[in-house]
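Colleague: Could you walk me through this model? I would like to start with one residue and then move outwards.

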Amino acid sequence: MNINKKTINKNLIKLNSVVERRLRKFLSGPKKGETFELRNGLVSQYKHERKDAIQRVIQAMTVGKDVSSLFPDVLKNIATYDLEQKKLVYLYLMNYAKTNPELCILAVNTFVQDTEDPNPLIRALAIRTMGCVRVSKMVDYIEIPLTRTLKDENPYVRKTAAICVAKLFDLNPNVCVELGFLDDLQNLLKDPNPMVVANSINALYEIRDMNEDPNLKVLEINGEVIRSLLLCLNECTEWGRITILTTLTEYNTRGKVEEANHIIERVIPQLQHANPSVVLSSIRAIICHVENIPVTAQRQSTLKKLSAPLVSLVSSSIPEAQYVGLKNIRIILERYPSILSKELRVFFIKYSDPLYLKLEKLDIMIRLANESNSDLLLGELREYAMEFEPALVTRAIKSIGAVAIQLSGSVVKAVNLLNDIIDQRGGDLIINESTIVLTNILRRYPGKSDLTSLIIPIISNHTVELDKPEALADYVWILGEYPKYFSNLHEKLESLIKGFLECETLLQLNILTTVVKINAAIPGNKKYSSLLQQILELATKECENADVRDKAYIYWRLLSSSTSNSLQKKIILAKLPPIESTIPTFSPHLLEQLLKELSTLSSVYHKPAKTFIDPSAYSRVPIGSNEENVESLKNLAKQEIIDNSRNEDLLNFDDDEEENGLSSGDGKDSGVGDLLSELNDLFTPTPTKSQQTSSTNTDILELFNSAPQTNTNSVANGIENLHVSAHAKENKGVNNDLLDLF
C-alpha cells in the first residue's frame, strides 16, 4: 500500500511538472515574430517556401508594414528563373528604392544582367527598376542598358525605357542630353507602336516641365509629329489618348485650315469613348481648333456634335463625374451658349442628387434660359424653392431673379411666382432672399411703374421679418428711391435712425443716403430736416466707421455749400446704373485660359493652373552629389542591414537563444558578416551572357569586394553587449513572473 502511495505521488509530481511546462509554454506566447518566420522562409532550401515567403513579404508591404529589414534576404532571391518570383522581388525593390536607394545600389549588377535577358518582361522590369533608384551614381551604369532598351525589338521594353529617360533627366539632365537620349525620344515619336509613341510624348512633357535650361528645346511639335500622333490615336489606351489629345491642343493651326479640319475629323470619333476624361480632352482639342475654320456653317455644324457628349457627361451614374462634367460645361457655355440650348431637361434636379450637384445644375439652367423655355424653367425653379435644404432654396430664389433680369418678357411672371412662394412657404430665409431679388429687379427695370407698384407692396408687407443685413439695406434703398409708395415714412426712418449705431456698415451707408435723398426729394419738410440733422451728427461724431463718416462729411459739405438747390438735388438724386445681369461671368482672358485647360483641375476650380500649382513642383530636386562614392554607399547599405538585424533581435524575448550561445557579441557580428557575404553571390556573371557583359559585370563586382569592417564590428560589439544585458534581464523578469503563477 505504501508502495502504491509512493508511486502515485511520483506520478503526480511528474504530471504537475508536465502541466507546469505546458502552461509556461502556452502563457509565454509565440517565441518568434512574423519577421523571423519570413526571414527563415526567404533563406529556405526549398523553392516553394522561398516563393511563399516573398509573397507574404509583398502582402505585408502592401498593407503598410515596414519590411525593409528583410532587404538582404529578399535580394538573394532575385537570381531566379521563376518569372513570378522575379517580378515580386522587383516590386519589393522598387518600393524601397524611394526610401533606401543606397540599398538598391547593391543589386546594380543584377539589373544590368537582366536587361539582356531573353524575356522582354524581365528586360522592362530591370530598366524600370534602375530608373526608380534615385542615386546619382546609378547614371554611370544605366547608359548602356538604356541605350539598348530604347532600341529593343519588343515595344513593351521600348515604352518602359521611354519613361526611364524622363527619370534619368530628373536625376542628371546634363548626362541625359549629352548621351543623346532626348533625340532618341524624338525618334520614338515615329515608332509604329501606339503605346511607345504615347509614352514618348508623355516623357517629353515631363522633361519639358523639369527643364531649367532656356536654350534646350525639348519638344518640337510640327506637322509631321501631328500626323504620326493622329495615326495611332485610335489604337492607344485611355491614358495614351489623353496625352495625344493634349498635344493636339497645343498645336497651333492658325492659318492652316486643312490641318485644323484634319485634326477635328480624327478627333470627333473620340467623343463616343466611354471614359469621360477622353471625351473632355477631345472636346478641348476640337474647341481649340474650331475657331480656325473660317466657314461659319461648318463651324456651327462641328459645335453641334459636342451636344451629345456633353449630355452623356451629365447622365453618368457617378456623382463626382457629373460634377466635373458640369464644371466643364459651365466654361463651354460661356463661349458657346447655343450648344445645349435645347437640352434644358437634362439638367433638371433629381431627388437623389447630392447638394453640390443640385447647385451646379441650377447654375447651368439659368444660362440656358430663353423666351421659349422660360415658363418651363420658372415652374421647375418654383419646385426647388419649396425644398427643405436652405442652400438649394436660396439658390432657387436667386435663379428666379436671374431669369427675370435676363428675360424681360418673364419678369411679371417671376415676380408673381416669388409672391406665391412667400405666401405659401414664408419664413425668414425666403422673405430675406426674395427682398434682395426683387430689389435687383427694380434696379434692372427702373422706369416701369406697373412693375414698381407690383413689387413694393410685396416687400412692405413683410418688413418686420427682415433680419439679413443685405435685405435690410435693399429695403432702405427702396425707401429712398420710391418714398411716395410708403405710408408712415417718417416713423420708418425714425426707427432706423434710433438703431443706426448698432447697424452694419452697409446698412449705415444706405440709411444715410436714404435720409439725404428723401430730404432732397421733399424739401422744406421740418420733420425730414430734423432727421437729416440727426443722422449727420450721428455719422460724423459717434460713428466709428471711417467710410460712413467720410460720406456724411461729403453730404454735409454739399448741402452747406453755395451750390444751387437744383444742382444739389441732381447730384443727390442721381440714379444708380441699371443691373444688366446677376449671372457671374468670366473675364475674356480667364475664359480663354480655361478653355485651353478643360478636363483638368483648372476647369473644376475655375482658375488657371498657375494660380494654385506651386512652380517649384516642376523644378528638378537634386538627389545627390556627382562625386558620390559607391564605396560609401555600400558601407551605408551594410550598416543599415546590421541595424535592421539588430533592431529585429531587440523584439526577441526567447531564452532559447541564450542557452544556445547566441547572445555573445562575436556571434552576432559573425552572423551579420555571413549575411553580407552571401550577398556577394548575387554579383557573379552568368555563363549565358556575352564576353562584353562578363567584363562589365567583373568591373562592377570589384566595387563591392572591399569594405572596411573595423568600425562596423567595433560599433556592433559595443551595442551588442548592451543588447545582451537588457535581453537577459528582461527574460529573467518574464520567467519569474510566470513561475509566480504556480
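Colleague: Where is Leu 594 found?

Modeller: Keeping in mind that this is a predicted model, Leu 594 is found in helix 33.

Colleague: And is Leu 594 buried or exposed?

Modeller: Leu 594 is buried, since its relative accessible area is 0%, and the cut-off for calling a residue buried is under 20%.

Colleague: Which residues is Leu 594 in contact with, leaving aside its neighbours within four places in sequence?

Modeller: With those neighbours left aside, Leu 594 is in contact with Ile 331, Phe 586, Ser 602, His 606, Lys 607 and Pro 608. The C-alpha atom of Leu 594 is also separated by 9.0 Å from that of Ala 609, with the two positions 15 residues apart along the chain.

Colleague: His 606 is in that list, so to speak of its backbone, what is the phi of His 606?

Modeller: His 606 has a positive phi of about 60°, although it is not a glycine. Most residues other than glycine have a negative phi. His 606 has its place in the loop between helix 34 and helix 35, the latter covering 630-650, and it is buried, with a relative accessible area of 15%.

Colleague: What about Ser 599, where does that one lie?

Modeller: Ser 599 lies in the loop between helix 33 and helix 34, and it too is a residue other than glycine with a positive phi, in this case of about 70°. Ser 599 is partly exposed, its relative accessible area being 22%.

Colleague: Changing topic to pockets, what volume does the largest pocket have?

Modeller: The largest pocket has a volume of about 1300 Å³. Its lining is made up of 38 residues, and those that lie nearest its centre are Thr 246, Glu 250, Arg 284, Lys 596 and Glu 597. Two or more lining residues come from each of helix 13 (194-210), helix 15 (238-250), helix 17 (276-290), helix 33 (588-596) and helix 34 (601-605).

Colleague: How many nonpolar, polar and charged residues does that lining have?

Modeller: By class, the lining of the largest pocket has twelve nonpolar, 14 polar and twelve charged residues.

Colleague: On to helix packing: at what angle do helix 29 and helix 31 pack?

Modeller: Helix 29, residues 505-521, and helix 31, residues 546-560, pack at an angle of about 10°, and their axes are 10 Å apart. Angles under 35 degrees count as roughly parallel, and the two helices are therefore roughly parallel to each other.

Colleague: Which residues meet there?

Modeller: From helix 29, Thr 505, Gln 508, Leu 509, Leu 512, Thr 513 and Val 516 meet Asp 547, Val 548, Lys 551, Ala 552 and Tyr 555 of helix 31. Sorted by class, this contact has six nonpolar, three polar and two charged residues.

Colleague: One more single residue, then: where is Pro 354 found?

Modeller: Pro 354 is found in the loop between helix 20 (319-335) and helix 21 (355-365), and it is partly exposed, with a relative accessible area of 24%. Pro 354 and Tyr 323 are 31 residues apart in sequence, while their C-alpha atoms are 10.0 Å apart in space.

Colleague: To finish with the whole chain, how many helices and strands does its secondary structure come to?

Modeller: The secondary structure comes to 39 helices and zero strands, and of the 742 residues of the chain, 47% count as buried. Among contacts between residues at least 6 apart in sequence, 69% join residues at least 24 apart.

Key: Residues numbered from 1 in each chain as written. Predicted model: local features only at pLDDT ≥ 70, side-chain atom pairs only at ≥ 80, totals over all residues. Heavy atoms only, no water. 1 Å grid on protein atoms, 1.4 Å probe; cavity = no way out; pocket = protein on both sides within 12 Å on 5 of 7 lines; lining within 4 Å. Points joined across faces, edges and corners; volume = space filled by probe spheres on them. Helix = DSSP H or I, 4+ residues; strand = E, 2+ residues; numbered from the N terminus. Nonpolar A, V, L, I, M, F, W, Y, C, P; charged D, E, K, R; others polar. Axes fitted to C-alpha atoms, helices over the stretch in contact; angles between N-to-C directions. Parallel < 35°, antiparallel > 145°, perpendicular 65-115°, else oblique. Contact = heavy atoms within 4.5 Å. Buried < 20%, exposed > 50% of the residue type's maximum accessible area, 1.4 Å probe, protein only.
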